[in-house]
Amino acid sequence: METRNARIGLILFFVYLALYGGFVFLSAFSPDTMEATPVAGVNVAILYGFFLIIAAVVLSLIYGLVCDGNDAPGSASPKADSTGDGEGSK
Amino acid sequence: MIYEPSTIAVVIFFVFVGITLGISFWLGRKAQDSQGYFAAHGQIPWFVNGIAFAGDYLSAASFLGICGMIAFYGYDGFLYSIGYLAGWVVALFVVAEPMKRLGKFTFADALDAKFNSPGIKLAAGISTLAVSVFYLIPQMVGAGVLVQPLLGFDHWVGVVIVGVTVILIVVTAGMVSTTWVQFIKGSLLVVFSAILTVMILNRGFEVSTGEEATGLRTLSLPDDVLPAPGTGWELIEPSGPWIGTDFIRLQDAAGKVSVWTKHESNTMAGRQSFLLEAQALTETADDRILVNGEQKGSKKGEAELHAIGHVSKLPDGYEPGTPVGPLEFFSTLQESEVVLWGSKLLIEEDGSKTTVYFQKPTPGSQVLRPGEHPRFQGIRSAKFFDKLNFLSLMLALFCGTASLPHILIRYYTVKDAAAARKSTIVGIATIGFFYVLTLYLGLGAMTSGAMDVTDSNMAAPLLARSMSEWLFAAISAIAFTTVLGTVSGLILASAGAVTHDILTSYFKIEMDDSKKVRVAKIASVVVGTIAIVLGILFEGLNVSFLVGWAFSVAASANLPSLIMILFWKGVTKEGVISAVVVGMVSSLTWILLSADSMSKVFGFVGHEGFVPFGQPGIVTIPLGFLTLVTVSKMTAKEVAAT
């Protein structure tokens, strides 16, 4: 799977994975940090949670903007791959 | 009295459901061949499909389960919101476009696109059935939960109504109508949740304490002596299961027994002790239900449990009832004190079971931090396995969405990969917006004074009831159509797996187009019936908790093969089959051997289970990948050698 869209998708995936991983590990191993209230009396747990949701929407919009229309070699039909050299093996 | 059906609610409810079904049947007339039945001819507009994604995905677990968990425990339910949405990132960035290009009707199509192997079709078909049935249980439980307060029916009646209605939708229509039902309910769910959130912010917070406001009494203990002298109360010495508990039983002059818990607080006059009244629900050995020792009911001489959900202290400077902004909502709650509730089951020697629900005044800062729910205790635990359990759940939520068969088949309802991508983006925006609202809805319910102490799943509809009867009816009807939409998608995915993957591809049963559709309809009836039975059996479990398990099974069974087929040339068909089977069996076995299953499914209360923690994902997802790589390498050598 070496199409341009796939490469962009993977980069954005790893960006989000880092953000999500940061949240999960902070919650698990530094829960006191999540209780701090750095902005407007709202704690890190809520701010980071909202940030993750907004980040998912923003990254998906970026993906939608930079991706090609139908960036795929071959046809849309699964039967076109029956030779054994389908999209999955590329 | 919490549950009292009203005419307005019932009328609005049936109008909603009737319109939804009418649209469903009308649109479904066109889908007579298998391409139309399973994939809506690939002609659904991407925007509609995107909202339908939200309608399909925002199930009873999201609406009822998450709101309920937040309402009862605080922030922890929001961890599910974050995890569920994060899973969509995997779906969009990694899976969406290849799924559309590789498949036709089912998730197994995509796995099998390279190999054309009946074995893969069978394994993936069974995995689809297992995940869908697991996911169906919480939806059906949610249906029963909804119908109970709205129409006054028992839980099982609600489950049967949903089951029969959904079977009707799926049998008469298929993917076209299912998509439009999901589109309608997805739109309505988000719009009405936004309305409810605005009303919560507008209502602000009020302090409710004392018998007049909450129906529950508070007793001061000026000298810290039990019972307070001169009050007419008599202390009952603990006996049987009451020994060793924190509960205090007092008898009044009329001989009526009540249960209390002792608390202390700092006041202007120094540290003071007081008692807060608990609520006791007893199921006697002769099957009578008692509330605080009296027959349960609304007639004279009978008693009902009091509604819960109160703020006991507000920060200085905040005028009660003042509207709050979106961030001020949290900062105000952060400085307040909220009365949460705990529960404990006591079994008497004669076999009667008493569940004591007791008050837990909790600082707002604690309510708004992760780690208060027993499921997320790993966050604050020093035990390694507890932390691993939390990490495992968050991993399963992250990986599960992109592995859910009923979500994946939605990629076949649009015309091409670009439409699949666009519809996923619309889905993420819609679902993300809704999940932000869940925190307001849950915390709004927590402070609404309207919740049922016995059932966290009812938090969102009862919050709406605390605003207005009309809104309650609308929210309940939307939640009901929410269940309809999701269950329709799940049953359709199951029917596709049975007809397309198992019967046609594996058993090579020749079927013309109309017979395929007929067999799919029969499969829908069978799966629907199984769902009804399981929905009745699993009454009382938090629906979001059950969905967490479904995600674990989906991620363990399906994701390793799906990802590796896209990214590794060395995959063999034996590798795919092994990974699906090992992932599915290991995750299901792990779940069934966990402490949660032992107590909540098999009834062995207090059993520690046979696995070190409850959530299997962190073990079984890597196991699926490992199996796939190992078996692929072994079988690749065999091919090379021959």
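The following paragraphs describe how chain A and chain B meet in this structure. The model is predicted, and the account therefore begins with the confidence assigned to chain A.

The mean pLDDT of chain A is 77, with 73% of the residues of this chain at 70 or more. Among the helices of chain A, α3 (residues 44-66) has the highest confidence, with a mean of 92, while α2 (residues 31-35) has the lowest, with a mean of 90. A separate stretch of chain A, residues 73-90, has pLDDT below 50. In the model this stretch nevertheless has 32 contacts beyond near neighbours in sequence.

The interface itself may be considered next. The size of an interface is often given as the accessible area lost when the parts come together. Between chain B and chain A, the buried area is about 4,700 Å², and carbon and sulfur atoms contribute 70% of that area. Of the area that chain B buries against chain A, 16% is supplied by B:F93, B:R101 and B:K114, more than by any other three residues. In terms of residues, 52 from chain B and 54 from chain A take part in the contact.

Specific interactions also cross this boundary. Six residue pairs are in polar contact across the interface of chain B and chain A, with both residues of each pair at pLDDT 80 or more. On the side of chain B that touches chain A, at least two residues come from each of the helices α5 (76-102), α11 (326-334), α13 (384-400), α15 (417-446) and α19 (543-567) of chain B. The largest share belongs to α5(B), which provides 16 residues. By character, the residues on this side of chain B comprise 36 nonpolar, five polar and 11 charged.

Salt bridges form a further part of the picture. The whole structure contains 10 of them over all chains, and three lie across the interface of chain B and chain A. In one salt bridge, the side chains of B:R380 and A:E35 meet at 3.4 Å, N to O. This pair joins the two chains: B:R380 is in the loop between α12 (364-367) and α13 of chain B, and A:E35 is in helix α2 of chain A.

Aromatic rings supply a last set of interactions, with 35 aromatic pairs counted over all chains. One of these pairs, A:Y20 with B:F398, is stacked, at 4.7 Å centre to centre and with 15 degrees between the planes. This pair also crosses between chains, linking A:Y20 in helix α1 (residues 4-29) of chain A to B:F398 in helix α13 of chain B.

Technical notes:
Residues numbered from 1 in each chain as written. Chains lettered and ligands numbered in written order. Heavy atoms only, no water. Contact = heavy atoms within 4.5 Å. Buried area = accessible area lost by both parts, 1.4 Å probe. Salt bridge = Lys/Arg side-chain N within 4 Å of Asp/Glu carboxyl O. Polar contact = N/O pair within 3.5 Å; in protein donor to acceptor, adjacent residues only side chain to side chain. Helix = DSSP H or I, 4+ residues; strand = E, 2+ residues; numbered from the N terminus. Nonpolar A, V, L, I, M, F, W, Y, C, P; charged D, E, K, R; others polar. pLDDT = per-residue confidence, 0-100. Phe/Tyr/Trp six-rings, centres within 6.5 Å; stacked < 30°, edge-to-face > 60°.
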